[in-house]
Amino acid sequence: MAENEALDIVVLAGGISHERDVSLRTGRRVADGLQSLGHRVTVLEPDGALLGYLRESRPDVVWPALHGSSGEDGALRALLELAGVPFVGSTTDAARLAWSKPAAKTVVARAGVSTPASVTLPKETFRELGANSVLDTVLAAFEVPLVVKPAHGGSAQGVTIVTVAGELPRAMVDAYTYADVALIERKVEGVEVSVAVLDTGDGPVALPPVEIEPLEGAYTFDARYNAGETRFYVPARLEPEVLHAVCAAATAAHSALGLRHLSRVDLIVDADGVPWFLEANVLPGLTETSIMPQAIAASGRDLGDVYATLAAAAIADA
Ligand SMILES: Nc1ncnc2c1ncn2[C@@H]1O[C@H](COP(=O)(O)OP(=O)(O)O)[C@@H](O)[C@H]1O
Ligand SMILES: [Mg+2]
């Protein structure tokens, strides 16, 4: 394929996940960036007509801008693989691994990256063993503050920071609204950073880490998608050697999980400069307030160029 050949690209956005609106905004941005370089872009919702359409029209590549379930859990990717359509981002197996926060933590910890101590509890455990006895056991082993979160999902939905033990039951109920399995994790005090990773053939490259400072104290759904509610610093205000350790942790996590093309790794850096892995996202948000576009800009790259490079990498890898 010639370097500047116009490609037929299908951007998938929307879907039925809890992050539908975020996905529509991500998809619009990706489409704009690709169109600015002359590519022919069709933005589609995943629906009953999609797979037939892809089989018929055979686009050069699909850009799945779908957050949450089906987009990030690997299901849609599996079908694209079966249909033989090249797509941007991680393969089915890697996406499924990263989608499960407990599984991802285990794999990344084995690669030598610190991740906060946690316990993973399916909803049924409470029914079987009784909520009080389960929570008593947890609270005997873990001290507050804790973070309770659904085992998968994004945009901080269903995530609660528990500062007094009495709030734990309510936090569990909130997490179970989003997933049947929840994670209770030690809260790491420190600087929150998020590292975008690009990986188009020559190994993973960490972009400048973005420091997240929510003005209201927590990086909630609202703080994420309303401009002005969170302050970002790119690169993060950390010592050079700590920045280096953060980038190394992010690329190690990306590699350990077997991710491809792009990812974003969320970490907290404690007072000793140790980066703690929270999770890796196979489809980072690319909205106007999202982290990855800021990291791309800070690295001196053009957004459209990066999205097109990823599309070309997907075709090359297919
Ligand atoms: N162990 C933790 N220690 C401190 N803060 C945490 C921890 N886990 C999550 N958080 C906070 O909650 C937010 C959402 O958690 P995360 O695991 O990244 O889920 P999501 O997929 O919703 O982004 C993080 O951005 C961070 O602000
Ligand atoms: Mg996160």
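User: What relative accessibility does Glu279 have?
Analyst: Happy to start there: this is a predicted model, where local features need pLDDT of at least 70, side-chain atom pairs count only at pLDDT 80 or more, and totals for chains, interfaces and linings use all residues. Residues are numbered from 1 along each chain as its sequence is written, chains are lettered from A and ligands numbered from 1 in the order in which they are written, and side-chain values use heavy atoms, leaving out hydrogens and water. Buried means under 20% relative accessible area, exposed over 50% and partly exposed in between, with a 1.4 Å probe and protein chains only. Glu279 counts as buried, at 12%.

User: Which residues coordinate the magnesium ion (ligand 2)?
Analyst: Donors are N, O and S atoms within 2.8 Å of the metal (3.2 Å for Na, K and Ca), and water is not among the atoms, so sites may look incomplete. Here the ion is held at 1.9 to 2.0 Å by an OD and an OE donor, from Asp266 and Glu279.

User: Which strands hold that pair, Asp266 and Glu279?
Analyst: Helices (H or I, at least four residues) and strands (E, at least two) are DSSP runs, numbered from the N terminus. The two residues link distant parts of the chain, 13 residues apart. Asp266 is buried as well, with a relative accessible area of 6%. Asp266 (in residues 261-269) and Glu279 (in residues 275-281) belong, in that order, to β12 and β13.

User: Why do Leu76, Arg77 and Leu80 share a side of helix α3?
Analyst: These three are buried in α3, which spans residues 75-83. They lie on the same side because the arc they cover, taken from the directions from the helix axis to the C-beta atoms, is only 100°.

User: What do the buried residues of α3 pack against?
Analyst: Contact means heavy atoms within 4.5 Å. After the helix comes Gly84, with a positive phi near 70°. The packing partners are β1 (8-12), α2 (50-57), β3 (61-64) and α4 (92-99).

User: What area is buried between domain 2 and domain 3?
Analyst: The domain bounds come from an automatic or database domain assignment, which gives domain 2 as 97-114 + 188-300 and domain 3 as 118-186. Their contact involves 15 residues of domain 2 and 14 of domain 3. Buried area is the accessible area (1.4 Å probe) that two parts lose on being put together, summed over both. Carbon and sulfur atoms give 55% of the total, which is about 1200 Å².

User: Which residue forms a salt bridge with Glu185?
Analyst: A salt bridge is a side-chain nitrogen of Lys or Arg within 4 Å of a carboxyl oxygen of Asp or Glu, and the structure holds 15 of them. This pair links distant parts of the chain, 80 residues apart, from strand β7 (residues 181-186) to helix α5 (residues 101-110). Glu185 is buried at 2% relative accessible area, and its partner is buried at 4%. With the closest N and O atoms 2.6 Å apart, that partner is Lys105.

User: Which residues make up the salt-bridge network that includes Arg237 and Glu211?
Analyst: Arg237 and Glu211 form a salt bridge whose closest N and O atoms are 2.6 Å apart. Arg237 is partly exposed at 49%, whereas Glu211 is buried at 6%. Through shared partners, one network joins Glu211, Glu213, Arg231 and Arg237.
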